[in-house]
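Student: Got a minute to go through a structure with me? I'd like to start with the strands and then move to the core.

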Amino acid sequence: MRTGRRNFLHLSLAALAGAIANRSAAQRQQSSGMGGRVATAQTKPKQSGRPFDAHFVDVAAAAGLTAPVIYGGVDHKEFIIEANGCGCAFLDYDNDGWLDIFLLSGTRLEGAPPGATNRLYKNNRDGTFTDVTKQAGLESVGWANAVCVGDYNNDGYDDLFCTYFGQNKLYRNMGDGTFKDVTREAGLIDAETRWGAGCTFVDYNRDGHLDLFVSNYLVFDFAHVPRPGAGANCNWKGMPVNCGPRGLPFGRHSLYRNNGDGTFTDVTKAAGLAQPWPSYGMTVVSADFDEDGWPDIYIACDSTSSLLFMNQHDGTFKEEGIQRGVALSNDGGEEAGMGVGIGDYALDGHLDIFKTHFAEDTDVLYYNDGTGNFDDRTLAAKLGVEVRFASWGAGIVDLDNDGWPDIFFVTGSVYPEVEKLLPDSPNKSPRILFRNLGNGTFEEIADAGPGVTTPHSGRGCAFGDFDNDGDLDILILNMNEPPSLLRNDLRGNNRWLKVLLVGTKSNRSAIGARALAHHSGRTQAQEVLSQSSYYSCNDFRLHFGLGAARTADLTVLWPSGLKEEYRDVGSNKLITIQESRGIIPNRGWSRT
Amino acid sequence: MFRHPIRAGLAFLLALPLIASVFGQDTSSSVNDIEALIRARDYDRARGMVQTALRNSPRNPHLWTLEGIIDSITGKTADASKDFETALKLAPDDPAALRGEVQILYKSQDNRAIPLLMRILAQDGNDSTAHEMLAAIEEKQGDCKGAVEQFALAGAATTSHPLSLESYGKCLMQLQRPADAAPIFQQLAAALPQQTWPRYDLAVALADGGQNQSAIEVLAPLIAGDHPDPDAFRLASDAYEATGDTPKAVALLRQAIVLNPDEPGYYVAFTALCLNHESFQVGVDMLDIGIRHIPRSSSLYIARGLLYAQMAQYDNAEADFRTAEKLDATQGVSAYAMDLTDLQKNKPKEAIDHVRAQLRTHPRSALLHYLLAKLLWAQGNQAGSPAMAEAQKEASAAITLKPDLNEARDLLADIDIASSRYSDAEQQSRTALQNDPSDQTAVYHLIIALRHNHQETAASEIPALVKRLSALQQQSLDQETARKHFSLTESKTTQSP
């Protein structure tokens, strides 16, 4: 009799199958610790055999970028705050037409070592840089996370906003090579300690003044967060590691309206953003995804659904990430969203999204149908071949100027201590480059130079042409190492066009302005972004590879609503377009 | 009632006046005499009178019925059956003959009783005995849905029969209606107060129905008794775990293992606890002990391999899965687990080759069909490609073998979405949600399918689905938080269990 009744309890093998399935389902739909869902790698398809002309060499040391970026423990991370790292920016702070470099920095639990600070490097226009941090007034020590760039006061000089665990900072560019911390006078002091994460300048109400959106990662408190192995979400593959983000309280995001007088007002509640979204927000990108002329906001969220706030044109936003298909994986699983690349990989004139995740999950490519609705094309695009590493800063950028934007991202572990026991989970890992084959698929390029293959524990990265030679170089922030500056030694004869947009009625940085380059029967969209990649900011000059095309037609859509057309623009040059005035002389550097 | 010959005979006797009342005037007196003899248990004289009457009236069904009753009471079952069959040929709806024949067929659980019972019920839909008998036969035939309907119609008749209560409750459990089964088992436990197993069944129903605290209370005497039952410890462990009291759950499971260290199911349950709480090494230590006790249990090797895989010790995992396969080649779980290990090692091509080979050995393993489909799909082949078509075929095969394998159904929806077959994706997702309303993947696929498929009409459904998905995510998070609240510590398992 009892044997029959025991059947009510699952048989051993059935229980095991259930355990395996449950574990698999849990990994599919839930994130664990820092990680996201577990996905299997696609088989690598046969290589196309086509040469890839871009070749990257790390010239950071020769360029003078030798100071290490301090961020938490080197071989062990006791707390998650040591693990996430920070971002960097390519910006032209002195308007000389040459990209300068801004690098954030963290600190250490035991206190900051000498030299731990954010750093500003001025471009010497000869392939080298000079550290001007101190004279620029940008020395700062703390747990910095993200940087976003924008001319919030429309004075012609790009300003900086930096997020911190603690107090975020707004630096006003004084136009004389110095910056001033204006956080307090701008009304951006937080009464409580928050973990500022992603940020972006965005003119959400289209009044010509850049507003500010900040994601907050989670509520962190050294006294109460458990130690590695000591609580929930503090193990990885059976090894004790730093705890979180799962199990820690969510942060709340904030929107600050620019009052046009140098101050900001917190309008989070009025904008409909105050509710506690169940998300660990990281990189923030603002762009007009549904092409209605109003900027929307996308937040890559760690271990939770990513968020897409759609602009309702009345000062409010509505979160629509799930129904628009950019919140989850193709099987509805929450992923560890960290970095975001924005670009038009399909050359259909619409902005797609590439989002990076934790190790053992695919990064995701969301295809935009032009209405702000997205489809997950990760597997179809053959991007699922790479699941080995935690991935961070990313871009959909044309690195070989063939006209088809490629995908590049940096990788690195958040658990440096595990590599001793798990050699397949190294602390330092290579950068990953996928070449766009022009047919909706990508192929991983195994050797695009030592700058790509040399392993580091990277975090933020920024794309820009620091040597003004007509291709995109890459700045990468490495944890507890000097940064990498990957110079692109591009071969071949592919042509290019750079477009710098300057707003007049729109914000002067032209953040949110969109340029459509029409050539060779295709259209590529790009938008000026204040933040993307991972906590970073790219060169504001939009870079279009043109392949063999000698000219391109341009359409510019300004945040003010103005639409401008430019026919037969020549290639291999930078043009500066000022809103309403057309093409104007380039400032500083120019290439004839 | 159905199994006791005397009680069966009494049942027939109760039907006898009905026989007399329908006889003609001439035969009525002899029938009355025969009935009187049967009541007086003078079966030989009764049989003599019947046989005399049959010589005069061989086509009189009532006389055949009476002879059948006498034969039945005197243990001549084969003769009785022939008598009733003859009676029923002459009068197919004769109530007494129907009952007599049913009684005989029922004893051997012969499903030929079913149409006869249906005829009885056609005459009297309120015949609770017939409903109960029909239910019992249907339950034995594996038709729990029909059995439950008949038990319900039998009403109070069932409640006085423990075997019926047991069958009723068992069927309700099979139909995944533990909340309905619990009161049935409650009655069973009251009917058999000296027995412990009804309480155990009741606890199973309560636990499966989410009434874990009640289950714990019901199990308390089974755990505290002089002869503790390790199964009860194991079940109580489940219930405590569900209430969030993991330390108690662990302690009870350890006691179950101590009471019966040769039962692999307890070690497997311990493994499940360790997986839930990400205490992998503790689980490995316990399984080491289990394997020393029962070295030929394939499930223990599978369990340990699974734990090794969680710790990225893939070589150890694979070795255990291979041992399991050698010990019991008929189970398909170790093959499935081995393939998962290949996947975790990021060797998709090897995994595909292995799954294909293992499917030749385990062609009816739904999990392996699903895994192959998943692997083929994950290769990112374009819609319409042969690999995509094969993925779809394998996922369909998995569903055919195991219709509630939602992972395969979700995968099919995924393939449908990638192939722009949004109506098919919608249908798969809706079916998956019928199987499991908490299937987040199915909810998400439904949202995506509706967005593509019926942009206008779906406007009202999508927001509700988004809310539902968000609620499910929150629910998962809460469960995960509760689950991970406790970690099993290694020191407690370094000794014997």
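Tutor: Here is a short chat on some strands and the nonpolar cores. This is a predicted model, where local features need pLDDT of at least 70, side-chain atom pairs count only at pLDDT 80 or more, and totals for chains, interfaces and linings use all residues. Residues are numbered from 1 along each chain as its sequence is written, chains are lettered from A and ligands numbered from 1 in the order in which they are written, and side-chain values use heavy atoms, with hydrogens and water left out.

Student: Okay, strand β30 of chain A: mostly covered or not covered?

Tutor: Mostly covered: residues 484–488 make up the strand, and four of the five are buried (under 20% relative accessible area; exposed is over 50%, partly exposed in between; 1.4 Å probe, protein chains only). Strands here are DSSP runs of E, at least two residues, numbered from the N terminus.

Student: And which strand does β29(A) pair with?

Tutor: β29(A), residues 473–478, runs antiparallel to β30(A) over three bridges; pairing takes at least two DSSP bridges between the strands. A:Ile476 is bridged to A:Ser484.

Student: What's in the turn of that hairpin?

Tutor: Five residues separate the two strands, and A:Asn480 there has a positive phi of about 55°.

Student: What about β1(A) and β30(A), how many bridges?

Tutor: Three, also antiparallel, with A:Phe56 partnered to A:Asn488.

Student: Switching to the core: which residues touch the most other members?

Tutor: In the largest nonpolar core, of 132 residues, A:Leu485 and A:Leu501 are among them. Such a core is a set of buried Ala, Val, Leu, Ile, Met, Phe, Trp, Tyr and Cys residues joined through side-chain atoms within 4.5 Å.
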